[in-house]
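Student: I would like a close look at how charged and aromatic side chains pair up in this model, and at the sheet beside them. Please take it slowly, one part after another.

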Amino acid sequence: MRKQKDILAKLITLEMGKLLAQSYGEIALSADIVDYYAENAEIFLEDQRLEPEYGEAYIKSTPIGVLLGVEPWNFPFYQVARFAAPNIMAGNVVLVKHASNVPQCALAIHKLFEEAGAPEGVYTNLFLSGSRIDQVVADERIKGVSLTGSETAGASIAAAAGKALKKSVLELGGSDAFIVLADADIDRSVDWAVIGRMNNTGQCCVAAKRIIVVEEIADEFLAKFKAKLSGLKVGDPMDSDTQLGPLSSEGAVIQLIEQVQRSVSGGAKVLLGGKLIDRQGAFIEATILGDIKPGMAAYHEELFGPVAAFYRVKDEQAAIDLANDSPFGLGGSIFTGDIEKGKRLAEQIDTGMVFINHPTWTQADLPFGGTKRSGYGRELSSLGVQEFVNKKLIRVSALSDPF
């Protein structure tokens, strides 16, 4: 991947529109994940010694067999790396059904394994329609399935896996809260809010989708946030000067505009943007919605693109309550000058991840996953290699030991 980074990064940008600099970052992150498991999997999977009252016992981690991974388009290399690397290192083999709009990325990943010398069958790419996934899950040779994608796709996969009595791991949507407290560094918080919301043109499950700011600093924060977003340069994602690229497809931008319009019809206010950009391609303005109330699309639904939902709240407890009032529970962040307070508040947020003074993000040695409608199970870190192994107990007893 590192040797071919120029080719692979441009392939990502060509197929799904990610800014080229961010595509380079995705290739680097993916390579780091592969390195991480090559270097650490043996340690993570070593026998776990127990201390029973009589005799001896240990837990041995053994592979369960063939796994199916169903992967999304928004991070076409990273998503595959975090599924394939730990599970192959655990001794399983993988089949990967990639998103239909990144077929060249899917083929490139398969070729990377071939070029690296992986035996045939360790990694297999499936050019398969979504309607046929259930047939693969039902095949008796498949022992487990992992999906990153929408709630609808996750529910379908979980149902198919459950019917066949097979383990599944799901990483679904998110609507991460980005909480800014009164003692936060406002300028730095604004900078991180722009990055957290606009990374991958907002098409990220852990994007900072709900900006929640306490009342006493809300006006200053909003003014600076608007200024930063309105200044983003729109253009070709292959151009290094571009700061706001297109969405992945025409369908994606139509869906996002429809969500904005439904929210406005319900009483939300457009504080910035809110329209398609008059140029070729699936471009939408960087957008901020305000006055959002329960029942509106922007309150309950995931906005997968450069649209921020802005909330002002009276105090810290109101911020936590609002953060938890979501069907999603993937990640979230708290910005504060008091780290210990940040930790206390983080423990009250019902998500799989909370970051303090940084938007939710990912790296090889940190576990990734959520709660509620954001799915279940964990990827990355030592936890990611444990999902699809048999934790086999081996017990040694003396003939004289009691029953």
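Tutor: What follows goes through the salt bridges, then the sheet, and then the aromatic rings.

The model is a predicted one, and a search of the whole structure finds 22 salt bridges in it. As background, side chains of opposite charge can pair when their charged atoms come close. A useful place to begin is the salt bridge in which the side chains of Asp35 and Arg2 meet, with an N to O distance of 2.9 Å. Because Asp35 belongs to helix H2 (residues 20-44) while Arg2 sits in the segment before helix H1 (5-16), this pair ties together parts that are 33 residues apart in sequence. Asp35 is partly exposed, at a relative accessible area of 31%, and Arg2 is also partly exposed, with a value of 44%. The pair does not stand by itself, since a network of salt bridges links Arg2, Asp32 and Asp35.

A second salt bridge, between Arg262 and Glu258, brings the closest N and O atoms to 2.5 Å from one another. Here both residues lie in helix H9 (residues 250-265), and they are 4 residues apart, which is about one turn of the helix. Arg262 counts as partly exposed at 36% relative accessibility, and so does Glu258 at 33%.

A third salt bridge joins the side chains of Glu316 and Lys341, again with 2.9 Å from N to O. This pair links distant parts of the chain, with Glu316 in helix H11 (residues 316-324) and Lys341 in helix H12 (residues 339-346), 25 residues apart. Glu316 is partly exposed, with a relative accessible area of 28%, whereas Lys341 is buried, at 15%; the dividing value is 20%, under which a residue counts as buried.

Turning to the sheet, 6 strands form an open arrangement in the order S5-S4-S3-S6-S7-S17, and their pairing is mixed. Strand S5 (123-126) and strand S17 (375-376) stand at the edges, and because each has a single partner strand, one side of each is left without a neighbour in the sheet. Within the sheet, strand S6 (residues 142-148) and strand S7 (residues 167-171) run parallel and are joined by 5 bridges; in S7, Val169 is the bridge partner of Ser146. Helix H3 (residues 78-89) packs on this sheet, where it touches strand S3 (66-70), strand S4 (93-97), S5, S6 and S7, and its direction makes about 165° with that of S4.

The aromatic side chains come last. The structure holds 10 aromatic pairs, and one of them is formed by Tyr36 and Phe44, whose ring centres are 5.8 Å apart and whose planes stand at 45°, so the pair is tilted. Tyr36 is buried, with a relative accessible area of 14%, and together with Tyr37 and Phe44 it forms one aromatic cluster.

Charged groups are also found over aromatic rings. Arg49 lies over the face of Tyr58, at 4.5 Å from the ring centre, and the charged end of Arg82 sits over the ring of Phe368, at 4.4 Å from its centre.

Terms used
Residues numbered from 1 in each chain as written. Predicted model: local features only at pLDDT ≥ 70, side-chain atom pairs only at ≥ 80, totals over all residues. Heavy atoms only, no water. Salt bridge = Lys/Arg side-chain N within 4 Å of Asp/Glu carboxyl O. Helix = DSSP H or I, 4+ residues; strand = E, 2+ residues; numbered from the N terminus. Buried < 20%, exposed > 50% of the residue type's maximum accessible area, 1.4 Å probe, protein only. Pairing = 2+ DSSP bridges. Contact = heavy atoms within 4.5 Å. Axes fitted to C-alpha atoms, helices over the stretch in contact; angles between N-to-C directions. Phe/Tyr/Trp six-rings, centres within 6.5 Å; stacked < 30°, edge-to-face > 60°. Lys NZ or Arg CZ within 6 Å of the ring centre and 35° of its normal.
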